[in-house]
Amino acid sequence: MTILVTGCAGFIGSNFVHTWLASSKEMVVNLDKLTYAGNLANLDDLKDDKRHVFVHGDIGNRDLVAELLTQYQPRAVLNFAAESHVDRSIHGPGEFIQTNVLGTFNLLESVRAYWTKLPESNRDVNQQSFRFLHVSTDEVYGTLSATDAPFKETNPYEPNSPYSASKAASDHLVRAWHHTYGLPVLTTNCSNNYGPYHFPEKLIPLVILNALAGKPLPIYGDGQQVRDWLYVEDHCRAIARVLEAGKVGECYNIGGWNEKANLDVVHTLCAILDELQPRADGRAYAEQITYVKDRPGHDRRYAMDASKMEQELGWRPRETFDTGIRKTVQWYLANQSWVEGVTSGAYRQWLDKHYGA
Ligand SMILES: NC(=O)c1ccc[n+]([C@@H]2O[C@H](COP(=O)([O-])OP(=O)(O)OC[C@H]3O[C@@H](n4cnc5c(N)ncnc54)[C@H](O)[C@@H]3O)[C@@H](O)[C@H]2O)c1
């Protein structure tokens, strides 16, 4: 048995491959374009593992995807591939429309052509047969006030950034391919992830690495934007559970029940670093905190109601914020060569040489 996963040289996808292969013999074919966010060093330990096949390519390349589907006959396709950084979407939304909207459209069409030709037994939506699982975000729901209830699957979509609008569009396409063509789809919408292999443009790795390098720790606006944080392995286990037991055509909200203001997250990181790797001058890392102009259209609060995942699929996160964030800091301290490869850009030179990426 084989699954085809896209975007698994990135943060969540690479963690998914590790989590998956730790408990399954099933082969993973990993299709990734290797944008700036794709880093094969995230999968270095799987170099000699025959259960992982890496293919360099774009989800929007229909010929390539058709070839992979014919060759490997996967029993499921999981789509992690996306442009994922809100700040980049503000400065250059085109790439987000290209991959998140058009890329997902092309992928759906390739998968539909494959699925249509599968034997009848593989097309019965009530059986454990073919599935297309689309990985999405809580940001499609827009923003909450301090007193609003967390987002449920029934909340309307109200995306506010080019990133979230492009993800919302992809979710709608996935939904329509189910309702119109019967494609057996599942969609997961998850809150903010953190953990190993997180590219240091995002808040948590950025703060850890800037703190250690003696650089400012930038806080947008007043730092009171609230996010619901989930340790990445818990997200990966949730996706595997949805693939295993989710009901075709349904969406599942995944969250950590861990609402934290950005400023509190940064103070927590500083306190852990003070303990695990104190500054040479004995001062607190929190002294490096610097307030910068807020991001335009910055959503104030996200929070997920993950009770459907819990009640219907028996999933709950294993990590609390305290255990997950400590593991994350420890991982960055223990994996200096990965950090150096990413921060020096050496991984890009390697990719250019091998893939002309
Ligand atoms: N990071 C989070 O907190 C979070 C939370 C909820 C949902 N998500 C969603 O999870 C998915 C993965 O997020 P991430 O944080 O790992 O992103 P990431 O930016 O770290 O990784 C994205 C990966 O997709 C690849 N990619 C980009 N365009 C591609 C294309 N056209 N064809 C093939 N591969 C392509 C990149 O090379 C990279 O390896 C995304 O769909 C994102 O929207 C992320």
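Good morning. I begin with Tyr197: at 15% relative accessibility, this residue counts as buried, because the cut-off for that class is under 20% relative accessible area. I should say at once that the model before you is predicted.

Where does Y197 lie? The residue sits in the loop that links β7 (192-194) to α6 (203-212). The backbone of Y197 also deserves attention, since its phi is positive, at about 65°, although the residue is not a glycine. As a general matter, most residues other than glycine have a negative phi.

L34 is another such case. Its phi is positive as well, at about 55°, and L34 is not a glycine either. This residue belongs to the loop between β2 (27-32) and β3 (52-56). Is L34 buried or exposed? Its relative accessibility is 2%, so L34 counts as buried.

I turn now to the interior. The largest nonpolar core comprises 34 residues, and V5, F16 and L78 have the most contacts inside it. Which elements give two or more residues to this core? They are the strands β1 (2-6), β4 (76-79), β5 (131-137), β6 (185-190) and β10 (251-254), together with the helices α1 (11-23), α7 (232-245) and α9 (307-313). Of these, α7 provides the largest share, namely six residues.

L78 allows us to look at this core from a single position. Leaving aside residues up to four places away in sequence, L78 touches I3, L4, V5 and T6, and also F16, L133, I239 and L243. A second core, separate from the one just described, has 32 residues, among them Y194, I219, Y285 and W338. In general terms, nonpolar side chains in soluble globular proteins tend to be buried together.

My last topic is a pair of helices. Helix α8, residues 262-276, packs with helix α10, residues 321-334, at an angle of about 55°, and their axes are 10 Å apart. The angle therefore makes α8 oblique to α10. The crossing in which α8 passes α10 is right-handed.

Which residues make the contact? From α8 come V265, T268, L269, I272, L273, E275 and L276. From α10 come F321, I325, R326, V329, Q330 and L333. Sorted by class, the contact of α8 with α10 has nine nonpolar residues, two polar ones and two charged ones.

To close, I return to the two loop residues: Y197 and L34 each count as buried, and each has a positive phi although neither is a glycine. Thank you.

Key. Residues are numbered from 1 along each chain as its sequence is written. This is a predicted model: local features need pLDDT of at least 70, side-chain atom pairs count only at pLDDT 80 or more; totals for chains, interfaces and linings use all residues. Side-chain values use heavy atoms; hydrogens and water are left out. A nonpolar core is a set of buried Ala, Val, Leu, Ile, Met, Phe, Trp, Tyr and Cys residues joined through side-chain atoms within 4.5 Å. Buried means under 20% relative accessible area, exposed over 50%, partly exposed in between (1.4 Å probe, protein chains only). Helices (H or I, at least four residues) and strands (E, at least two) are DSSP runs, numbered from the N terminus. Contact means heavy atoms within 4.5 Å. Axes are lines fitted to C-alpha atoms, for helices over the stretch in contact, and angles run from 0 to 180 degrees between N-to-C directions. Angles under 35 degrees count as roughly parallel, over 145 as roughly antiparallel, 65 to 115 as roughly perpendicular and the rest as oblique. A crossing is left-handed if the near helix is turned anticlockwise from the far one by less than a right angle, and right-handed if clockwise. Ala, Val, Leu, Ile, Met, Phe, Trp, Tyr, Cys and Pro count as nonpolar, Asp, Glu, Lys and Arg as charged, and the others, Gly among them, as polar.
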